[in-house]
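User: Please take a close look at one part of this model and tell me how it is built. Then place that part in its wider setting.

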Amino acid sequence: MYSVLKGTGYFLAHTPDMVIHNGTTQTTEKRIKPDSDYLKDIVNGMRDYEACVAYPPNQVYIGNMTPEELAAVPAPWYDKRVEAKRQGAFGEIMPQDEFVGMMKICDVFDLVKLNESCSKAVKAKLEAHPLIDNSMLTPLDKSATSEEIADLVKNAGAEAIHLNGEVVGCVKAAHDIDDSLSSHVIFENLVSKASCVASVLQLIRQTGVDKAAIDYIIECSEEACGDMNQRGGGNFAKAAAEMAGLVNATGCDVRGFCAGPTHALVQAASLVKAGVFKNVVVAAGGSTAKLGMNGKDHLKKGLPILEDCVGGFAVLISENDGINPELNTDILGRHTVGTGSSPQNVISALTFTPLEKAGLKLTDVDKYSVEMQNPDITKPAGAGNVPEANYKMIGALAAMKGQIQKSELNAFVEKHGMTGWAPTQGHIPSGVPYMGFAQREILAGSIERAMFVGKGSLFLGRMTNLFDGISFVLQKNSGRGQESGVTEARVQQLIAASLREFAGHLAGKLEE
């Protein structure tokens, strides 16, 4: 029996100060051109929290709007507002001050220092948060003086924490000489951990699953934690599980650049199907490095800086219950070493080839979830409409294979594709933003089958020139989970019957 998708959780934290002070585009600019006009103008290009929440793609990310409803809003969307709701059907959009508090909560080595005013204000807000247990708030009872924080930043290399343009705290280095434990790296890792924890807590809330029932967690972000002896040794998964209260869970990190989440989901589905674990969470936090990544292009074109959110997600994969959508691990697309890097070869290996082996056509998949990046962000930066480009390649492949007519290409894109809505946080847009919608639509009977395609740029690590990709199919439950489900009592009955049969056979042999 295939494993099933039990639920999802999504999380965004609006972090404008982190865009300015921690995004790689901005920190690089400060090093090479500290007096640039871009750095002077960036503050005026930041959105406030209300604008961020009312931004249509963000409301889709947390489940208050559907991709179809977003497509009906005339693009571009940066100047459009919809009803602003912090909480959605799948998750939430958290303001920056509360997220700074989450970083403090997730710090178990007392590396995060916040001043008294910030600590008290944030604690009061998080006490009212439905997902935060009061026992988690203890770290916020301890604060540092503004003088202590200033000294740590100036003389000890601590990374400042800014809030509304003011320094309210800092993140200390975890080691005097270890670059892998520098304040900059620790800052990035705590942001990733905090957003992962928030995503897992959202998942628990959305599914109602007992925390103690989670056996395993796989973390699949693009960050890496370790020290100078094992720079990416991990383990974000266990760290997030501890903070989220998953007392019976163990776990590990899986990395694959943007394709990491899809690799992790395939592994989770396989572990559950094999009976190794019953409930596996796949989760990831976001990245400060990619905040404001395309900020220069946005400001040049008169747009606000749209990459102002740290993202996160969590997915629960469980034993087949006969109801929820199944992850069909028999239909797997793979970009192998020998696939090559041409777009046609890549898209064929990830879509056509596995479907053909299963006796399916490209048109048999109701929806394809690819790199669901928000075109509001990518088009001004010259990267075009990424999801649309992927759908056109799949449609062109269908036409080449004779599964549709060339004249039907646009109709194919419209029927089987979606507009993008995810923030450009690397791994975050890669297929997974649609999982919540796919579960809902399959359960409602509006679709029967969706394919999730993850692709990764392995060449970024300078270890190989290879591309990467993997895909799987989420499908309507076959009902086998109920029909063929065998209880423990039934197993005992079968064993007893077999033993009786064997005893009878043995007695007959002895009489002979």
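**Helix 10 and the sheet beside it**

Analyst: Ser183 sits in helix 10, which spans residues 183–207. This is a predicted model. Ser183 is buried, because its relative accessible area is 6%, and buried means under 20%. Its side chain makes a polar contact at 3.5 Å, reaching the backbone nitrogen of Glu159. Beyond neighbours within four places in sequence, Ser183 is in contact with Gly157, Ala158 and Glu159. Val171, Lys172 and Ala173 complete that list.

Those contacts lead to the sheet. Three strands make up an open sheet, ordered 3-5-4, with antiparallel pairing. The edges belong to strand 3 (112–114) and strand 4 (159–163). Each has a single partner strand, so one side of each has no neighbour in the sheet. On average, neighbouring strands of this sheet are turned by 30 degrees against each other, direction ignored. Strand 3 and strand 5 (residues 166–171) run antiparallel and are joined by three bridges. Val112 has Val171 as its bridge partner in strand 5. Helix 10 packs on this sheet and touches strand 3, strand 4 and strand 5. The direction of helix 10 makes about 45 degrees with that of strand 4.

The link between strand 4 and strand 5 deserves a look. Asn164 lies in this loop. Asn164 has a positive phi of about 55 degrees, although it is not a glycine. Most residues other than glycine have a negative phi. Asn164 counts as exposed, because its relative accessibility is 69% and the cut-off for exposed is over 50%.

Other backbone features lie elsewhere in the chain. Arg462 also is not a glycine, and its phi is positive, at about 60 degrees. Arg462 is placed in the loop between strand 12 (449–456) and strand 13 (468–475). With a relative accessible area of 66%, Arg462 is exposed. Then there is a peptide bond to note. Ala75 and Pro76 are joined by a cis peptide bond, with omega at about 0 degrees. Most peptide bonds are trans. Pro76 belongs to the loop between helix 6 (67–71) and strand 2 (91–94).

Now the wider interior. The largest nonpolar core has 76 residues. Phe313, Ile317, Leu355, Tyr368, Trp421, Tyr434 and Met435 touch the most other members. Helix 12 (residues 260–273) gives the most to this core, with six residues. Another core lies apart from it, with 61 residues. Among them are Val19, Tyr38, Phe99 and Leu140. Back in the largest core, Leu355 is one of the residues that touch the most other members. Not counting residues up to four places away in sequence, Leu355 touches Ile331, Leu360, Lys361, Leu362, Val365, Tyr368, Met451 and Val473.

Helix 17 rounds off the picture. In this helix (residues 409–416), Phe412, Val413 and His416 are buried. Seen down the axis of helix 17, these buried residues fall within an arc of 100 degrees, so they line one face of the helix. That face packs against strand 11 (367–369) and helix 16 (386–400). On the other side of helix 17, Asn410, Glu414 and Lys415 are exposed.

Technical notes
Residues are numbered from 1 along each chain as its sequence is written. This is a predicted model: local features need pLDDT of at least 70, side-chain atom pairs count only at pLDDT 80 or more; totals for chains, interfaces and linings use all residues. Side-chain values use heavy atoms; hydrogens and water are left out. Buried means under 20% relative accessible area, exposed over 50%, partly exposed in between (1.4 Å probe, protein chains only). Helices (H or I, at least four residues) and strands (E, at least two) are DSSP runs, numbered from the N terminus. The arc is that of the directions from the helix axis to the C-beta atoms. Contact means heavy atoms within 4.5 Å. A polar contact is a pair of N or O atoms within 3.5 Å; within protein, one must be able to donate a hydrogen and the other to accept it, and residues adjacent in sequence count only if both atoms are side-chain atoms. A nonpolar core is a set of buried Ala, Val, Leu, Ile, Met, Phe, Trp, Tyr and Cys residues joined through side-chain atoms within 4.5 Å. Two strands pair if DSSP finds at least two bridges between them. Axes are lines fitted to C-alpha atoms, for helices over the stretch in contact, and angles run from 0 to 180 degrees between N-to-C directions.
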